[in-house]
Amino acid sequence: MRNHTRRKILATTGVATAFGVAGCLGGTNSGGTTLETRYMDAPGLEEFFEEHTARFEDETGIEVEYEFVGWGEAQETMLSDIMSRSGPDVHEIASTWIPEQYDANGWMDLDSGSVVDELPSTDLFTDGALDVATFQDTLVGIPWFWGPRAYQQVDERIEAGGVEGTPSDWDGLLDQAEAYDAENNYFAIMGADFEPIRNFAMFLWQNGGQLLTDDDGAPAFHDDSGVEALEFYADLYAEYDVLPSETIEWGAADIQGAFTGGQMASTWGALGTVSAYEEADGNALDDLSVSAPPAGPDGDQGTFFGMELLGIHPWTDEPEAAAQWIDYLLQAEPNAAVSNTVGFLPTNPDGLETDYFDNELYRTFDEEVFPHARTYPQVLGWGEIESELNSTVFEVLQSAVTGDLAAGDAEAALERAASVAEQTLE
Amino acid sequence: MSRVTIENLTKVYDSPSGSIEAVDDLTLAIDDGEFVVFVGPSGCGKSTTLRCIAGLETVTDGTIEFGAEDVTNRKPKERDIAMVFQNYALYPHMTARKNMAFGLKMSTDLSAGEIEDRVEETAQMMGIEELLADKPKALSGGQQQRVALGRAIVRDPAVFLMDEPLSNLDAKLRAQMRTELQQLQHDLDVTTVYVTHDQTEAMTMGDRIVVLNDGELQQVGTPLECYHRPANRFVAGFLGSPPMNFLPVEADLDAGALSHPSFSLSLSDSIGADLDATELVMGIRPEHGSLTTTPDEHPEPERLVEATVTVTEPMGDVTNVYLDIGGESVTVTAGGHLGLTDGESVWLYVPEAKLHLFDAETGTAIKHSDEPIESTRVSEASRYAETA
Amino acid sequence: MTRTSSRVRSSVAEIEIGRYLPLYNRLSDEQQYAYKLLLPGLAMMLLIHFIPIVWGVLISVLGVDSGYVSQWYEAPFVWAENYRFVLDPRTVVGERFWYSLRQTVIFSVGTLLLTYVLGLTAALLLNQRFKGRFAARTLLLLPWVAPSVVTLLIWRMMFQQQSGIINSLLLSLGVISEPIYWLIGDNTIWTLILVHSWTQFPLVMIMLYAGLQSIPEQLYEAASIDGAGRWEQFRYITFPQLKPVSAVVVLLMMLWTMINFTSPYILLGAQPPQSGQVSILYIYNFAFSNYQFGRGAAMSVVLFAIAMAMAMLYYKYLFDQDFTEGDR
């Protein structure tokens with residue numbers, strides 16, 4: 001009697017579980033096609049996707065679900081997706097993580113199979129953008145939006161400090177910094193707490209150096225130009241007092257806040273800084289002037305650009321629908337809208353012609369700053385080199401601020417980082 | 001060694017529900033080398049008084065002097081006392097040796113060697129040499145008791161304070177320790193204040209006993225004084241086992257008799273003259289009553305009171321007979337071979353000389369029994385030890 | 001009631017484990033029953049402790065990097081190569097790892113000392129009779145009860161060199177003559193100890209407080225009569241009486257601090273200074289920034305082994321000691 005009952009319970013439970021599992025797995029298929037997608041969190045994206053997923057569903061009948069992940073958790077979240085081979089169909093790609101994630105079989109080849117026909121043509125994008133999107137001859141993602149970092153200043157404040165124009169080279173920067181004298185005496189701040197390697201890379205390029213050798217086979221950041229660049233960066237704190245020492249603890253938000261809030265006359269930032277400035281009370285876009293950063297002794301006005309892409313995870317059941325969604329997002333209007341929301345430039349050139357970017361300032365970004373912009377090399381192991389360089393640069397800056405930096409320290413630190421890089425690239 | 005003088009000692013505890021007077025205006029002198037037992041029911045103030053003498057409680061009012069020195073506001077360590085606690089309060093993490101040495105280490109300048117010698121000496125006296133290396137947990141209750149005593153003795157203090165030190169021991173060990181403690185105190189000749197709720201200990205051990213109730217002093221005296229000349233009804237009822245019988249009576253001075261609804265007893269004129277109240281309580285010690293079943297043959301038949309036997313308790317040496325007199329219970333200790341059946345009628349005889357009379361309202365003693373109180377303590381008290 | 005419980009009892013007893021585990025049949029009935037009752041707990045432990053540990057050890061001998069993230073089981077077996085790499089002080093990674101281990105020891109010992117001193121002081125204060133004792137106890141518990149991410153971020157703000165309240169306070173008190181960098185450079189480890197101790201001392205306090213409350217009042221009375229003053233009473237009664245609970249506190253604080261991730265991670269942010277890179281943080285940053293999970297696992301196993309070795313040594317030392325004073 002009891003055994004019978006138990007068996008019946010077990011059978012019922014088993015059936016119920018089977019249905020439940022089936023429901024989880026196949027639930028999305030019943031009815032129409034549903035895509036799962038995920039993006040890095042940013043203010044305003046919620047509204048953007050609410051509007052555009054509805055519009056896309058009207059056009060295609062494909063339902064798109066969307067969710068967001070913070071930058072802090074993104075790498076781990078994506079890693080666990082890749083390990084378990086489950087998760088969204090379409091995901092935003094951060095360009096620096098491409099090599100490792102591609103190596104871990106995290107991204108579908110977008111130049112193949114059924115997806116290539118649905119995706120926007122690669123002719124749409126500039127070579128620079130495609131370089132980032134292509135890793136080991138594979139198109140890993142579709143460039144979505146990008147933007148260079150520019151030297152930005154509020155002209156009125158700069159003039160109030162007794163300075164005119166934007167510095168065109170390092171000496172000009174130092175001269176202006178020395179001459180600058182105003183109550184809100186922060187000038188040309190870039191911070192060090194958040195990814196200091198980006199600032200170092202900019203100084204390095206401005207000084208004619210590069211991060212890795214041309215074939216990405218060995219480190220190059222530790223040559224003379226690199227040492228000089230790092231010492232210049234450190235000296236901005238320690239020697240010239242261009243960067244007040246306390247700002248070493250400032251994060252990206254602190255710097256942006258100081259700039260938009262009026263305590264700072266100039267800064268180095270991407271379009272996000274421009275948007276934040278514009279949104280603050282009493283500010284107008286026309287207050288700002290932007291330019292490429294000052295050039296170093298041996299180089300150009302090199303600056304850094306960041307790019308975000310859209311990719312398809314290989315475990316998707318709906319590659320065509322996923323490709324269609326990406327294609328939709330890359331149309332001029334949505335592309336411009338999302339770029340404007342997150343503070344970047346659209347990768348679709350037609351996007352620049354929309355109302356969103358109808359301002360001289362954006363054209364300057366696109367035409368005068370972008371040509372000087374570079375980004376990190378796409379090579380397996382870059383993650384380790386990047387984090388090593390971040391620590392190295394930050395350590396050197398800390399020593400500079402606390403007064404512990406001796407001659408030769410910067411060089412030694414870069415040598416050490418280079419040895420890690422060499423080992424990694426082997 | 002020292003004389004302890006307590007004057008107008010008052011201790012009031014403040015509690016959320018009001019203040020509680022634990023000791024009320026107590027005045028007492030304890031002679032040098034004397035063994036004084038504080039006895040009384042729970043909450044009578046005996047422990048509080050002891051703790052005031054120890055300095056563990058701050059005194060609300062009054063003074064305490066050791067010898068000529070006023071120690072009222074001194075810390076315990078400045079009083080040269082040693083104390084034995086009810087549950088011994090041995091330091092659990094120290095060996096018996098260290099427990100005993102601790103006080104000397106803290107309060108004297110003796111060298112480690114000298115301390116060691118004194119501990120050994122005391123341990124030998126207490127017969128606990130082989131326990132010295134053990135921690136309290138490894139010792140039996142009796143052994144712990146000895147170590148606790150040793151810890152007090154080794155200090156060679158001016159005053160010993162003992163707070164119910166035997167109450168955690170089993171009956172047999174307790175009886176044994178009682179004698180031993182008395183012997184020790186006698187040998188050491190140190191002023192000792194001993195607190196107990198056990199009247200047997202009070203009767204057997206003290207040079208004098210101090211009876212306390214409700215924070216007030218009832219009587220101070222030798223055990224026999226307190227037993228045979230109780231100052232009031234409380235002392236009379238507290239000391240003795242089985243306890244004294246109390247019967248409410250009215251003094252009819254004209255008739256020269258004590259009258260109770262069930263009986264009437266004639267009263268000598270000499271006693272009647274002392275009475276200033278008519279509402280009295282008559283007290284009879286169980287051992288002072290005698291029983292007869294043949295009243296007609298009794299020499300004083302007019303002093304017999306008729307009673308019914310309710311229960312008999314043969315103890316071997318004596319038999320406790322419980323009687324019913326007009327609805328009230330009276331106990332009499334009779335001979336060990338007495339045979340009475342429950343419900344049987346008997347006659348109780350109480351000699352006038354052995355009667356106690358108390359004022360019904362105040363409880364103050366008006367008349368005592370004429371038992372001598374000068375006899376030697378040990379022979380007299382040993383009778384009670386057995387019934388503890 | 002009784003019937004239900006005896007029915008449960010007999011149905012537990014009926015479960016036939018012996019069919020699958022022959023050794024099990026050799027146990028007595030009572031032991032078999034005990035094991036059955038322990039089974040759910042053991043299964044839980046297995047799931048959330050043992051499996052990850054074993055998995056971690058396994059990964060540490062495999063060459064798991066980004067190429068094998070989704071198929072770690074296909075990664076090549078590399079023997080002790082990962083260990084050799086992370087423990088080799090001549091490489092930068094090895095050097096950093098050794099340095100992080102050193103910082104971890106400083107972090108643990110420093111936190112232990114500080115939490116113990118703070119916790120004991122607070123517990124002794126709470127053990128006094130005074131008005132508002134209950135409120136004080138609640139207040140003192142706050143640092144431990146409050147969500148640590150929030151409090152750590154507030155500490156981070158307070159320790160800012162320029163805008164932080166700590167520096168401005170110390171400056172106005174004249175303790176320092178110019179602002180100190182708390183979260184940058186070599187001071188960081190001390191700041192970390194300070195902040196982490198602040199979040200942890202209430203636990204020590206409450207454990208020691210419980211210990212204090214279990215010390216019989218009569219021991220103090222006996223000691224005061226024996227001539228011990230306040231300090232001697234602490235030295236000879238309180239401290240030895242707290243020994244058993246202290247032993248537990250020391251072990252827990254030591255181990256928990258060694259593997260604490262939240263405090264350094266939140267307090268030091270995205271770009272932790274070298275001095276604040278305790279092992280667990282370094283392992284995390286190292287393994288996740290470049291998908292070096294084999295080597296990261298090797299580092300974790302080293303940290304785990306050190307922690308276990310310390311715990312075992314400590315236990316051995318403890319049990320060799322004879323302390324009968326506790327409630328053991």
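This is a short tour of one chain contact and one chain fold, with a selection to make at each stop. Keep in mind that the model is predicted.

**Stop 1: where chain C meets chain A**

Show chains A and C together. Here 25 residues of chain C are in contact with 31 residues of chain A. Now pick out residues 92-126 and 279-290 of chain C, which are α4 and α13; each of these helices supplies at least two residues of the side that touches chain A. Which helix gives the most to that side of chain C? It's α13(C), with four residues. Try colouring the chain C side of the contact by residue type: you should get ten nonpolar residues, 15 polar ones and no charged ones.

**Stop 2: the two domains of chain B**

Switch to chain B and give residues 4-228 one colour and residues 242-371 another; these are domain 1 and domain 2. The C-alpha centres of the two domains of chain B lie 40 Å apart.

**Stop 3: a sheet in chain B**

Stay with chain B and look for an open sheet of six strands, running in the order β13-β12-β11-β14-β20-β21 with antiparallel pairing. Select 263-266 and 365-367 to light up the edges: β13 and β21 of chain B each have a single partner strand, so one side of each has no neighbour in the sheet. Look along the sheet and follow the twist, which averages 35° from one strand to the next.

**Stop 4: zoom in on one edge**

Select β20 of chain B, residues 356-359, together with β21(B): the two strands pair in the antiparallel sense over two bridges. Finish on Phe358(B), and opposite it you'll find Ala365(B) in β21(B).

Notes. Residues are numbered from 1 along each chain as its sequence is written. Chains are lettered from A and ligands numbered from 1 in the order in which they are written. This is a predicted model: local features need pLDDT of at least 70, side-chain atom pairs count only at pLDDT 80 or more; totals for chains, interfaces and linings use all residues. Two residues are in contact if their C-beta atoms, placed from the backbone, lie within 7 Å. Ala, Val, Leu, Ile, Met, Phe, Trp, Tyr, Cys and Pro count as nonpolar, Asp, Glu, Lys and Arg as charged, and the others, Gly among them, as polar. Domain bounds come from an automatic or database domain assignment. Two strands pair if DSSP finds at least two bridges between them. Axes are lines fitted to C-alpha atoms, for helices over the stretch in contact, and angles run from 0 to 180 degrees between N-to-C directions.
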